[in-house]
Amino acid sequence: LLQRLAKGLGALSAVSLSALLGPLVLLAALWGLWVWTGTPGSLGTALNMVHWALPSGQQLRSADVQGNLQQGGRIGQISWQSGGLQVQAQGTQLVLDWSQLWRQAWPVQSIRIQSLRVQDQRPSKPVTPLTELRLPLPLQLALQVDQFIWQGSTAVTLSDVRAQYAFDGQAHRLNVDSLALAQGRYTVQARLQGAAPMALHIAVQGQVQTPASGRTPALPLQVLSTVQGQLS
């Protein structure tokens, strides 16, 4: 009886030890991963991993990357290309805050870009209205772009863009505190429903400085515009 009892206790101890080692190994692996994210160079390594994980036909290139995955860092140059669409960013400052995970699944707190250039050389095709525009999880971040250049069928240059974007699972919200275009400066408040019928509301306020000509002095013009309806 004592031998049987000893064997039973031994088997029970082996099972308990195995059940205990599994979570311990997982916790140790997670702790090691978290420690690695705080090491210098982890941000650049993560960007290289994203490059290899992208689908065929897409490319992501980065250079002069400094920082880690816990606090963020600076990305000197980063570009993404897919077909005839290319996006290039110079001087990107990324701020990460993992304490935000209690309200959203992304640790990105803010992004500041010195120069953002988009080149769209894709062939023109008929525009079809979107039926939905959703993100897999809620997102909230602050965005600042010193210069934004769009080169496509038309060319647009914006400067001093400062905005806050949020998606709460139902709607997209964009508040632009500052935006300079040509001789004007504007603020924008926009809301877009994520699902059909994709209700849209945009309010724009701004001030445009007309150039002086002859005896006509330069004049400041106040601009107020609203758009409301469905995206389609």
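**Two pockets and a buried glutamine**

Let me begin with the largest pocket, which holds about 1900 Å³ of space, and I should say at once that we are looking at a predicted model. Its lining is made up of 50 residues, and those that lie nearest the centre of the largest pocket are I111, I113, L116, L141 and L143. If we ask which element gives the largest share of that lining, the answer is strand β3, residues 85-96, which contributes 7 residues. Sorted by class, the lining of the largest pocket comprises 44 nonpolar residues, along with 4 polar and 2 charged ones.

Turning now to the second largest pocket, the space inside it comes to about 370 Å³. The residues that line this second largest pocket include the run D120, R122, P123, S124, K125, P126, V127 and T128, and the list is completed by W150, G152 and S153. By class, the lining of the second largest pocket divides into 4 nonpolar, 4 polar and 3 charged residues.

Finally, I would like to spend a moment on one residue, Q70, which sits in the loop between β1, residues 58-68, and β2, residues 72-82. Is Q70 buried or exposed? Its relative accessibility is 17%, and because the cut-off for buried is under 20%, Q70 counts as buried. As for what surrounds this side of the loop, Q70 touches W34, T37, G38, L96 and W98, once residues up to four places away in sequence are left out of the count.

Notes: Residues numbered from 1 in each chain as written. Predicted model: local features only at pLDDT ≥ 70, side-chain atom pairs only at ≥ 80, totals over all residues. Heavy atoms only, no water. Helix = DSSP H or I, 4+ residues; strand = E, 2+ residues; numbered from the N terminus. Buried < 20%, exposed > 50% of the residue type's maximum accessible area, 1.4 Å probe, protein only. Contact = heavy atoms within 4.5 Å. 1 Å grid on protein atoms, 1.4 Å probe; cavity = no way out; pocket = protein on both sides within 12 Å on 5 of 7 lines; lining within 4 Å. Points joined across faces, edges and corners; volume = space filled by probe spheres on them. Nonpolar A, V, L, I, M, F, W, Y, C, P; charged D, E, K, R; others polar.
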